[in-house]
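Please open the structure in your viewer and keep the selection panel at hand. The tour below proceeds one selection at a time and explains each term where it is needed.

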Amino acid sequence: MTSPVQLYCWHFMSYPHLAPDFDDTQSSGWVTVPNSLWDRQKARGLYQQYIDQLAYADEIGFDGMVLNEHHQTIYGLGPSPNLVAAALTQRTKKGKIIILGNLLPLHMNPLRVAEEYAMLDNMSDGRIIAGFAPGSGPETFNYNIASAPSRDQFWEAVELIRKAWTQPGPFNFEGRHYPLRYVNPWPLPTQNPHPPIWIPGARSRDTLVQIAKHGYCYFLSSRSHGKETAKSVQQFAKVLEQHGDVYRPHRMGILMSTYVAETDKQAQDESREGVWYFLKNCLKGHQRREGRQLTFGPGVPYIPTNEFHDYLKFSDPTTPLLGDTQDWDDLQKSQSIIVGSPETVYRRFIDILEHAQVGHLLIQFHMGNMKDELTRKSMHLFATQVAPRLREDSVKLFGRTFSDLPAAAGMEVVK
Amino acid sequence: MSSRLIKVRDREVTIFEKGDGPPTLYLHGFADVHGVAGDLLPFHDALSKKSRLIAPAHPGCNGSSELSNGWAPGDLSFHYLELLDELGLDTFNLVGHCTGGWIAAELAVRHPERVRQLVLIGACGLFVAGEPTSDVFMHAQPERGVDYATLRNVFFNGPQTELGLRWFPNGRGDLDEETRRYAMLRYGSFTGFRPPYFYERSLIERLHRARMRSLVIWGEHDHMVPLAHGQAYAKGLPNSSGLKIVAGAGHAVQMEQPQVVADLIHQFLDD
């Protein structure tokens, strides 16, 4: 029995009250963006609005809600996604709550994450998907997490959490970074043996090997989807095979952004302000050449030196990034933010599914300073006019390719 | 001249050796041999005129193996002690620049009996309140993806000097040179990224142990390690000949004014 594509609503919770001259006056939306720009009065009610939008996603039938962790940035006001997740456990009844993820090296002790996720899993009656991430460029600066040495620490933290959930306590954990004499968390998660574990990665082979070894789900952290996405699936499939496993769509997720309106033209008109606020402001310092990009540069590297040499051969520091997008045509090509009528959005999404065969779509609806009513209208159109077709067609699509495989394991929530 | 690889236990170390005379161990910095340059530079050639110069690349830099079990000052000190064992060097003069100066100071306070004379050039390693070293990692992120002006300013006497543009050009440079710079920053991120930022708080309290003759040299416009660190070294080292400030030079003073710095060192060592 093939499962349909899972459709989730991802909220980045951007700061929407920047002045129109932000791009002219500030070199980055990340790390160094002065917090004197935070308007305490205008910001009142902002988290409530965002939480309400996520609860609305649950109400209209999305498969879940996605949160993530960012620090010192206008891009995402979620330094502690677990707090929002806690609110959602009380506001929603059906959908999964995906936290993608807690940035483990930023926590003094990962045991705290094991405990908080277990609490959330109990509070939500087993609806948590537990994402773990090491942090990236910005965290290098805002939390002093150097990528190179933190990798080892990250994987040890994941191992500690997994053991804390599965190995009867109390036990002694002889970690290099987190040695603990008494690992014995109360509560344990509701899901048995533990919530599904998702790990974001950007094609690093080391990351894929760890994911494959432990049966985790791979979230491809890329905002653009063309041929590269299909290639990433193939790369992951190959690593799985080398570890005696086999690729299934629900072993992998990707991030998409969309705005849906009645017609293509109306979709562009309504989303223009939010989309370009997002591209120019939120991506400045992250995925835009203008300013100082902190996401992946010399000095914050985690890939070994010899791999960097190979990376250089195939990369060009002048290639435009998503945030450098100038117009709607450019945006079309990036396969990242899909704006249009239900028919257009359906066609573009199913096209990506056909090529990439990915079972989890994590979809951003709110972008930049998008108004509440427009965000909800777009979500509703997607839920009623796009999602049903995607679900139905994805069952056929995945069925064709993966029908001879045993029922998917690992990714399914076990209650 | 070409470097060679020597085996130190399970690690390989890229090393240059040149000249005759009393042995001088040179520990490099960022804008320096092994950091950006694959070969010895005029400063090192000048040093080798009057001594047997031994210039190894730090772990991870310029083809040297990375350390597998930690990068704390103690780990680096043991790495160099094992290298000295391998080279059969008992006592030697010790010259260090930038992070190489830090390691030199760590060796000098741990093993003062082996270091005959000590020279520190734009050395980090000390914590000086209110005088932080530049965030080399932030500056290493190019503006608009291609512009390294502020990084050049950290290492040199201004953002657009000829030397700065030679070693940190805008845009994509020569692949091997890019890789060498990457390795250097990766080494930097292992040794000095996590707090402490290129310092060991207790080092200043240990300087009294470095009783050998010592000299401190600083570029007048060091934008990487503030002059106050040079003053703190000169004050804390018990047998210091003082702080020599080279006018019109930045952090990589030995690259910018090689003969001036080499002369200062030779005058000092000849004393």
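Begin by selecting A:Phe171, which has 14 C-beta neighbours inside 10 Å and therefore counts as partly exposed. The term follows a fixed rule: a residue is buried if 20 or more other C-beta atoms lie within 10 Å of its own, exposed if 12 or fewer, and partly exposed in between, with C-beta atoms placed from the backbone. A:Phe171 belongs to strand S5 (residues 171-173) of chain A. Helices (H or I, at least four residues) and strands (E, at least two) are DSSP runs, numbered from the N terminus. Now add A:Asn184 to the selection: its C-alpha atom is separated from that of A:Phe171 by 6.9 Å, although the two residues are 13 apart along the chain.

Before continuing, note that this is a predicted model, in which local features need pLDDT of at least 70, side-chain atom pairs count only at pLDDT 80 or more, and totals for chains, interfaces and linings use all residues. Residues are numbered from 1 along each chain as its sequence is written, while chains are lettered from A and ligands numbered from 1 in the order in which they are written.

**Chain A as a whole**

Select chain A. It contains 13 helices and eleven strands, and its C-alpha trace spans about 60 × 50 × 50 Å along its principal axes. Its radius of gyration is 21 Å, which agrees with the value near 22 Å for a compact globule of 415 residues. This radius is taken over C-alpha atoms, and the globule rule is 2.2 Å times the number of residues to the power 0.38. Of the 415 residues, 49% count as buried.

**A strand inside chain A**

Next, select strand S3 (residues 96-103) of chain A. Eight of its eight residues are buried, so S3(A) is largely enclosed by the rest of the structure. Add strand S2 (residues 64-67) of chain A, which runs parallel to S3(A) and is joined to it by four bridges. Two strands pair if DSSP finds at least two bridges between them. Which residue of S3(A) stands opposite A:Leu67? It is A:Ile99.

**The nonpolar cores**

Select A:Tyr8, A:Cys9, A:Met65, A:Val66, A:Tyr218 and A:Ile363, the residues with the most contacts inside the largest nonpolar core, which has 107 residues. Such a core is a set of buried Ala, Val, Leu, Ile, Met, Phe, Trp, Tyr and Cys residues joined through C-beta atoms within 7 Å. In soluble globular proteins, nonpolar side chains tend to be buried together. Leaving aside residues up to four places away in sequence, A:Tyr8 touches several residues, including A:Phe62, A:Ile98 and A:Leu362. Two residues are in contact if their C-beta atoms, placed from the backbone, lie within 7 Å. A second, separate core of 91 residues includes B:Trp71, B:Val115, B:Val119 and B:Leu207.

**Chain B as a whole**

Move to chain B, which has eleven helices and eight strands. Its C-alpha trace spans about 50 × 40 × 35 Å along its principal axes, and 55% of its 271 residues count as buried. Among contacts in chain B with a separation of 6 or more, 73% are between residues 24 or more positions apart.

**Strands at the start of chain B**

Select strand S1 (residues 4-8) and strand S2 (residues 11-18) of chain B, which run antiparallel and are joined by five bridges. B:Ile6 stands opposite B:Val13 in S2(B). The two strands form a hairpin with two residues between them, and B:Arg9 in the turn has a positive phi of about 50°. On adding strand S4 (residues 52-56) of chain B, one finds four bridges pairing S4(B) with S2(B) in the antiparallel sense. Here B:Ile15 stands opposite B:Pro56.

**A covered helix**

Select helix H3 (residues 99-110) of chain B. Its twelve residues reach 17 Å from the first C-alpha to the last, close to the 16 Å expected at 1.5 Å a residue; the expected span is 1.5 Å times one less than the number of residues. Is H3(B) mostly covered or mostly uncovered? Eleven of its twelve residues are buried, among them B:Trp102 and B:Leu107. The elements that cover them include strand S5 (92-97) and helix H2 (73-87) of chain B.

**Where the chains meet**

Finally, display both chains. The contact takes 26 residues from chain B and 24 residues from chain A. On the side of chain B that touches chain A, helix H4 (136-139) and helix H7 (175-192) each supply at least two residues, and H7(B) gives the largest share, ten residues.
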